[in-house]
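Work through the exercises below with the sequence and the 3D structure at hand. Try each task before reading its solution.

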Amino acid sequence: MKTLKLSEVKGGSFPPGLLRLDYESALDGRPDWALVLPGQKKHLWVIVIHGHGSAGDQLYTRRDVRETWLPVFIKSGAGILTVNLRGNSWMGPAAAFDMRGLVSYLRAEQGMRQSIFCSGSMGGTSNLIYGVLHPEDVSGIIARGAASDPATYLQWCRSQEKPILHQIASAIESSYGGTPEDVPETYRKHSALQNSAKLSMPVYLSHGGADLIIPVEQSRDLAERMKGSGKFVYHEIPGGNHDSPLYETSSFDCLLGQLGV
């Protein structure tokens with residue numbers, strides 16, 4: 001990753017001290033950006049990945065998420081990194097490569113030693129994927145309304161009528177370089193379900209029981225696979241929709257306790 005510019009972000013709903021990091025990917029030179037908010041605890045960082053259709057500023061520009069999550073993060077003393085990460089990338093190979101560069105930046109330039117990946121929907125899916133790809137980079141995961149297996153989720157999206165689900169399927173195919181039939185090994189590597197043994201860090205997974213965007217079976221299957229793991233917690237919200245898990249914050253405090261923070 002080549003850092004291009006670090007500049008202050010002002011105005012609107014952005015908190016004081018927020019910085020915009022502009023960079024180029026070391027993979028292909030693609031320009032991208034992230035937002036950096038240093039905290040009191042230099043070693044501890046929360047990494048937030050946005051949902052499909054949003055961008056790297058979602059934590060600050062989506063009111064319900066900002067009002068629910070941001071005070072909890074700031075109270076913890078953690079720094080906060082929110083990433084744009086190639087837009088609707090669903091943690092495909094290129095996005096995972098760039099995420100490693102951002103983690104390396106936090107270690108080298110900000111002093112990070114512990115990282116909590118806390119996100120929902122596409123972001124929660126990306127948390128799980130990055131956790132199985134690079135568990136050494138992840139101290140803990142909070143994933144809300146996430147997909148655990150990109151291949152079966154893509155197939156489910158294609159079987160539905162909602163236009164947004166077809167858009168999601170197309171975004172996954174684009175990010176992964178083809179369909180599960182075209183590049184099966186890529187989908188296998190990026191499946192938390194198929195690589196669940198690598199989720200050795202504390203993981204808090206929650207899902208609405210009536211989610212129409214990412215079916216609850218995606219979380220139930222992973223919870224079944226992780227049964228017996230003392231570091232894995234699954235909470236299902238009966239009748240909950242896709243956004244229902246976003247409003248629960250106790251898992252963050254529990255995770256801090258597990259990490260001894």
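The exercises go from the whole chain to single residues and pairs.

This is a predicted model, in which local features need pLDDT of at least 70 and side-chain atom pairs count only at pLDDT 80 or more, while totals for chains, interfaces and linings use all residues. Residues are numbered from 1 along each chain as its sequence is written, and side-chain values use heavy atoms, with hydrogens and water left out.

**Exercise 1. The whole chain**

Task: Find how many helices and strands the protein chain has, and compare its radius of gyration with the globule rule.

Solution.
- Step 1. Helices (H or I, at least four residues) and strands (E, at least two) are DSSP runs, numbered from the N terminus. The protein chain holds nine helices and nine strands.
- Step 2. The radius of gyration is taken over C-alpha atoms, and the globule rule is 2.2 Å times the number of residues to the power 0.38. For 261 residues the rule gives 18 Å; the chain has 17 Å, which is close, so the protein chain is as compact as a globular protein of that length.
- Step 3. The C-alpha trace spans about 45 × 40 × 35 Å along its principal axes.

**Exercise 2. Burial, contacts and charge**

Task: State what share of the residues is buried, what share of the contacts joins residues at least 24 apart, and how many charged side chains of each sign there are.

Solution.
- Step 1. Buried means under 20% relative accessible area, exposed over 50%, and partly exposed in between (1.4 Å probe, protein chains only). Of the 261 residues, 56% are buried.
- Step 2. Contact means heavy atoms within 4.5 Å. Taking contacts between residues at least 6 apart in sequence, 67% join residues at least 24 apart.
- Step 3. Lys and Arg count as positive and Asp and Glu as negative; His and the chain ends are not counted. The place of a charge is taken as NZ of Lys, CZ of Arg, CG of Asp or CD of Glu. There are 25 positive and 26 negative side chains, and the centres of the two sets lie 6 Å apart.

**Exercise 3. Alanine 34**

Task: Place alanine 34 in the fold, decide whether it is buried or exposed, and list its contacts.

Solution.
- Step 1. Alanine 34 belongs to strand β3, residues 31-37.
- Step 2. The relative accessible area of alanine 34 is 0%, so this residue is buried.
- Step 3. Apart from neighbours within four places in sequence, alanine 34 contacts Leu19, Arg20, Leu21, Tyr23, Leu81, Thr82, Val83 and Leu102.
- Step 4. From alanine 34 to alanine 55 the C-alpha distance is 9.4 Å, with their positions 21 residues apart in sequence.

**Exercise 4. Salt bridges**

Task: Count the salt bridges and say where the partners of three of them lie.

Solution.
- Step 1. Side chains of opposite charge can pair when their charged atoms come close. A salt bridge is a side-chain nitrogen of Lys or Arg within 4 Å of a carboxyl oxygen of Asp or Glu. The count is 15 salt bridges.
- Step 2. Aspartate 98 pairs with arginine 86 at 2.6 Å, N to O. Aspartate 98 is in helix α3 (residues 93-110) and arginine 86 in the loop between β5 (78-83) and α3, so the pair ties together parts twelve residues apart in sequence. Aspartate 98 is buried at 5% relative accessibility, and arginine 86 is buried at 14%.
- Step 3. Arginine 144 pairs with glutamate 248 at 3.1 Å, N to O. Their positions are 104 residues apart: arginine 144 is in strand β7 (residues 140-144) and glutamate 248 in the loop between β9 (232-237) and α9 (250-258). Arginine 144 is buried at 2% relative accessibility.
- Step 4. Glutamate 236 pairs with arginine 220 at 2.7 Å, N to O. Glutamate 236 is in strand β9 and arginine 220 in helix α8 (residues 217-225), 16 residues apart. Glutamate 236 is partly exposed at 26% relative accessibility, and arginine 220 is partly exposed at 37%.

**Exercise 5. Arginine 107**

Task: Describe the surroundings of arginine 107 and the network of salt bridges that includes it.

Solution.
- Step 1. Arginine 107 is in helix α3 and is partly exposed at 37% relative accessibility.
- Step 2. Leaving aside neighbours within four places in sequence, arginine 107 contacts Met112, Glu136 and Asp137.
- Step 3. A network of salt bridges links Arg100, Arg107, Glu136 and Asp137.

**Exercise 6. Positive phi**

Task: Give the phi, place and burial of methionine 91.

Solution.
- Step 1. Most residues other than glycine have a negative phi.
- Step 2. Methionine 91 has a positive phi, near 50°.
- Step 3. Methionine 91 is in the loop between β5 and α3 and is buried, at a relative accessible area of 0%.
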